[in-house]
Amino acid sequence: MKIAVMGGDGFCGWPTSLHLSAQGHEVAIVDNLSRRWIDTELGVQSLTPMDSIQERRRVWKQVTGNDVEFYLLDLARDYERFKKWLLDWRPDAIVHFAEQRAAPYSMKSDVHKTYTVNNNISATHNVLNALVETQIDAHLVHLGTMGVYGYSTVGATIPEGYLDVKIQKEDGSMVDQSILYPTRPGSIYHMTKSLDQIMFQFYAQNDRLRITDLHQGIVWGTQTEQTRMHEQLINRFDYDGDYGTVLNRFLIQGAIGYPLTVHGTGGQTRAFIHIQDTVKCVEAAITNPPEAGERVEIFNQMTECHRVRDLAQMVADRTGVDIKYLPNPRQEADENDLIVANEKFRGLGLDLITLSDGLMNEVIEIAQKYAYRVDRSRIPAVSGWNRERASQIVHDPVKANLKAVS
Ligand code: NAD
Ligand code: USQ
């Protein structure tokens, strides 16, 4: 198949591009490299040394003989160029990773809120719009988030996208409906993913586009089978307070002896998936498209749920570092349960990696290897969700006089 990977230079996109290329697909990456500019804006860098996209492609070709093409294009702003590119390259499938994906970054300031909304909504809409206009019948596989459901504790399992409800009619009888699960985003970033869902619903029904939306949990780990093949193919690894995600942050904090930064009570329960499984699930989704005219296919792309404080304890047990309970910079529930249905991927025969599979040690080893690249001052999470939360932020958890648990 010819597969275009939008955002293929990023943390999920790069290993997915290599995986698809290794499976024999013809792959083109479309990326505006905005994530590399955001590193510069924030004054941080990936823990792992990332080569330029051109150098990465050269090494992949040298190692495997496979070409991965690269097109520098801003999906949110270069609509006409994108349309021309689409007509020229003619993909069979498009994987859409190309959005600003950090909740803390999206909450930093009004400027960051505006950027995240403009970038994410325009990028998604431009892809949909261009598919209709060019009449290219590519299956669109979008990376959404578990966060569209919110994390309220209702005690029921979160279904894969749709909720079956009964609505009372005027005559008192009941009618069955299947509706998108009510969305409850917890940040501007998560809000853009909720809005994406409505755009997908409209374009699937109005233009018969074939769309799959993957509601993905927090991705952990860094290496996959392909990125391990050469030092220069190594994946991005974010550890800073804006882009680093919780388990990867704890693993690197443990590796360098930095106290584990638990927000609030750490009773937040979240869904997780290893990066190796992300790439496999994306491939499985590509090869199982919905029919034209069908509703959007939605998968919950996650493996298991964990409480933040339990993850911290697991990492503390492995590394011997302290846990620090910090005032939460986010407006979110301190404690929540999360039960998630993920039968669809399991039904496709995918055997998913769990935390108990030993791969946490691989991340700790990588973090120790590149520990010299860590700027400890960039570890604290300093984006507040509102003025009150911002006023309580602890800028130096190491020196802060807070409850520490070893
Ligand atoms: P990332 O920031 O590492 O990669 C995103 C890539 O998209 C970057 O290379 C960036 O330059 C590119 N991009 C952004 N806007 C663009 C635009 N307008 N035009 C062209 N390219 C653009 O993020 P990631 O962690 O790889 O996440 C990829 C996708 O998966 C995101 O949509 C994210 O919401 C979703 N997701 C990620 C996680 C996670 O834990 N990382 C979890 C669930 C869902
Ligand atoms: N947290 C801590 N300490 C930290 C960092 C985070 O306690 O040092 C807590 C946060 O307060 C939050 C939880 O851990 O309660 C998860 O935070 P996160 O940064 O790991 O994840 P999140 O902001 O939800 O975003 C990430 C990705 C995003 C994706 C989402 C999937 O950046 O792209 O959509 O995970 S999900 O969480 O399932 O919505």
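The exercises below treat helix packing and ligand surroundings in a predicted model.

In this predicted model, local features need pLDDT of at least 70 and side-chain atom pairs count only at pLDDT 80 or more, while totals for chains, interfaces and linings use all residues. Residues are numbered from 1 along each chain as its sequence is written, chains are lettered from A and ligands numbered from 1 in the order in which they are written, and side-chain values use heavy atoms, with hydrogens and water left out.

**Exercise 1.** Describe how helix H6 packs against helix H7.

Solution.
- Step 1, the elements: helices (H or I, at least four residues) are DSSP runs, numbered from the N terminus. H6 covers residues 110–134 and H7 covers residues 188–207.
- Step 2, the geometry: the axes, which are lines fitted to C-alpha atoms over the stretch in contact, are 10 Å apart. The angle, taken between N-to-C directions on a range from 0 to 180 degrees, is about 15°. That makes H6 roughly parallel to H7, a class for angles under 35 degrees.
- Step 3, the handedness: H6 passes H7 in a right-handed crossing, in which the near helix is turned clockwise from the far one by less than a right angle.
- Step 4, the residues: contact means heavy atoms within 4.5 Å. From H6 the residues include Lys113, Asn120 and Leu128, and from H7 they include Tyr189, Leu195 and Phe200. By class, this contact of H6 with H7 has 11 nonpolar, six polar and three charged residues. Here Ala, Val, Leu, Ile, Met, Phe, Trp, Tyr, Cys and Pro count as nonpolar, Asp, Glu, Lys and Arg as charged, and the others, Gly among them, as polar.

**Exercise 2.** Which orientation does H1 take to H3, and which to H9?

Solution.
- Step 1, H1 with H3: H1 (residues 13–22) and H3 (residues 53–64) pack at about 25°, with their axes 12 Å apart. H1 and H3 are therefore roughly parallel to each other. Trp14, Leu18, Ser21 and Ala22 of H1 meet Ile53, Arg56, Arg57 and Trp60 of H3. Five nonpolar, one polar and two charged residues make up the contact of H1 with H3.
- Step 2, H1 with H9: the axes of H1 and H9 (residues 275–286) come within 9 Å and cross at roughly 55°. H1 and H9 are therefore oblique to each other; the oblique class holds angles from 35 up to 65 and over 115 up to 145 degrees. The crossing of H1 and H9 is right-handed.

**Exercise 3.** Find the residues that surround each ligand and list polar contacts.

Solution.
- Step 1, ligand 1: 28 residues surround ligand 1 (a heavy atom within 4 Å), and the closest are Cys12, Asp31, Asn119, Tyr189 and Lys193.
- Step 2, its polar contacts (pairs of N or O atoms within 3.5 Å): a polar side-chain atom of Asp31 is 2.6 Å from an oxygen atom of ligand 1. A polar backbone atom of Cys12 is 2.7 Å from an oxygen atom of ligand 1.
- Step 3, ligand 2: 23 residues surround ligand 2, the closest being Tyr151, Tyr189, Val246, Thr261 and Glu332. A polar side-chain atom of Tyr151 lies 2.6 Å from an oxygen atom of ligand 2. For Val246, a backbone N or O atom lies 2.7 Å from an oxygen atom of ligand 2.

Methods. Helix = DSSP H or I, 4+ residues; strand = E, 2+ residues; numbered from the N terminus. Polar contact = N/O pair within 3.5 Å; in protein donor to acceptor, adjacent residues only side chain to side chain.
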